[in-house]
Amino acid sequence: MDKQNNIAMETAIFAGGCFWCTEAVFQRLKGVESAVPGYTGGTIKNPAYREICTGRTGHAEAIKITFDPSQVSYTELLEVFFATHDPTTLNRQGNDVGTQYRSEIFYTNDKQKELAEQFIALLEKQGIFASPIVTAISEEKPFYLAEEEHHNYYNDHQQQPYCQVIINPKIKKLNTYFSKKLQYGTL
């Protein structure tokens, strides 16, 4: 609860490949108070990036989103999530390969689970993707914050080749299809 405004904030946790990409997308949405990168879904406590990169911990690179449901709904977050990554490739996003880059939704309550299942069913029914969706839906697991150098990565390193080649197209797509949902108009 935001004591100043009496707003009940909610949490969403998404893994959609590299967390630099996912963080950059969601931190631009109206109603998102924070989108922080981290690791979840694995078998060891307090993993480090170097361990995650091996793919042996079972963790996914993910983001934890704190949002105001009066400004952006969980369903709207799902729309953006599925529009800005490939949910049809198992353990892969582009050149990033491994279980740490899987597509997974970690629900924080039964309503989120239900909404995620319904949303995926709708996408499948409408044939939005040429291949079947492989996004897993799992109960929330401990979330470990990524090291500080991974926070706000895109905003701090837009000139890096990875940001220009991989993240810029996601931001462009966000600007094109979700401009009315952005905090500051198109970015």
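The largest nonpolar core in this predicted model has 41 residues. Within this core, Phe 14, Phe 26, Ile 65, Leu 77, Leu 78 and Phe 82 touch the most other members. Eight elements are described below as contributors, and two of the helices, α1 and α4, are then taken up in turn. The UniProt record, in an unreviewed entry, lists residues 11-164 as "domain: Peptide methionine sulphoxide reductase MsrA". Over residues 11-164 the chain is 31% helix and 25% strand, and the C-alpha atoms at the two ends of that stretch are 29 Å apart.

**Nonpolar cores**

- The strands that give two or more residues to the largest core are β1 (10-16), β2 (32-40) and β3 (60-67).
- The helices that give two or more residues to the largest core are α1 (19-26), α3 (74-83), α4 (110-126), α5 (153-156) and α6 (161-177).
- Another core, of six residues, lies apart from the largest one; among its members are Ile 13, Ala 15, Phe 106 and Phe 143.
- Ile 65 shows how a member of the largest core is surrounded: leaving aside neighbours within four places in sequence, Ile 65 is in contact with Glu 10, Thr 11, Ala 12, Phe 14, Phe 26, Val 32, Ser 34, Ala 35 and Leu 77.
- Two of these partners of Ile 65, Phe 14 and Leu 77, are also among the residues that touch the most other core members.

**Helix α4**

- Helix α4 has 17 residues, and the distance from its first C-alpha to its last is 24 Å, close to the 24 Å expected at 1.5 Å a residue.
- Which residues of α4 are buried? They are Gln 112, Leu 115, Ala 116, Phe 119, Ile 120 and Leu 123.
- These buried residues are on the same side of α4, because they cover an arc of only 130° around the axis.
- An α-helix has 3.6 residues a turn, so residues three or four places apart point the same way.
- The face of α4 turned away from the buried side carries the exposed residues Asp 110 and Lys 125.
- What do the buried residues of α4 pack against? Their partners are β1, α3, β6 (103-107) and β7 (136-139).
- At the start of α4, a side-chain oxygen of Asn 109 comes to within 3.1 Å of the backbone nitrogen of Lys 111.
- Just after α4, Gly 127 has a positive phi of about 65°.

**Cys 18 and helix α1**

- The UniProt record, in an unreviewed entry, lists Cys 18 under "active site".
- Cys 18 is in the loop between β1 and α1.
- Is Cys 18 buried or exposed? Cys 18 counts as buried, because its relative accessible area is 6%, which is under the 20% cut-off.
- Not counting residues up to four places away in sequence, Cys 18 touches Glu 61, Asp 96, Tyr 101 and Tyr 162.
- Helix α1 is mostly covered, with eight of its eight residues buried.
- The buried residues of α1 are Phe 19, Trp 20, Cys 21, Thr 22, Glu 23, Ala 24, Val 25 and Phe 26.

**Buried residues in other loops**

- Gln 27 is in the loop between α1 and β2.
- Gln 27 is buried, because its relative accessible area of 19% is under 20%.
- A polar contact of 3.4 Å joins the side chain of Gln 27 to that of Arg 28.
- Leaving aside neighbours within four places in sequence, the contacts of Gln 27 are Val 32, Ala 35, Asn 152, Asn 155 and Gln 183.
- Gly 98 lies in the loop between β5 (96-97) and β6, and is buried with a relative accessible area of 16%.
- Gly 98 touches Asn 91 and Arg 92, not counting residues up to four places away in sequence.
- Gly 98 and Lys 181 are 83 residues apart in sequence and 31 Å apart in space, C-alpha to C-alpha.

**Positive phi outside glycine**

- Asn 46 is not a glycine, yet has a positive phi of about 50°.
- Asn 46 lies in the loop between β2 and α2 (49-52), and counts as exposed at 60% relative accessibility.
- Asn 91, also a residue other than glycine, has a positive phi near 55°.
- Asn 91 is in the loop between α3 and β4 (92-93), and counts as partly exposed at 22% relative accessibility.

Notes:
Residues numbered from 1 in each chain as written. Predicted model: local features only at pLDDT ≥ 70, side-chain atom pairs only at ≥ 80, totals over all residues. Heavy atoms only, no water. UniProt positions renumbered as here; feature names shortened; annotations may be inferred. Helix = DSSP H or I, 4+ residues; strand = E, 2+ residues; numbered from the N terminus. Core = buried A, V, L, I, M, F, W, Y, C linked by side-chain atoms within 4.5 Å. Buried < 20%, exposed > 50% of the residue type's maximum accessible area, 1.4 Å probe, protein only. Contact = heavy atoms within 4.5 Å. Expected span 1.5 Å × (residues − 1). Arc of directions from axis to C-beta. Polar contact = N/O pair within 3.5 Å; in protein donor to acceptor, adjacent residues only side chain to side chain.
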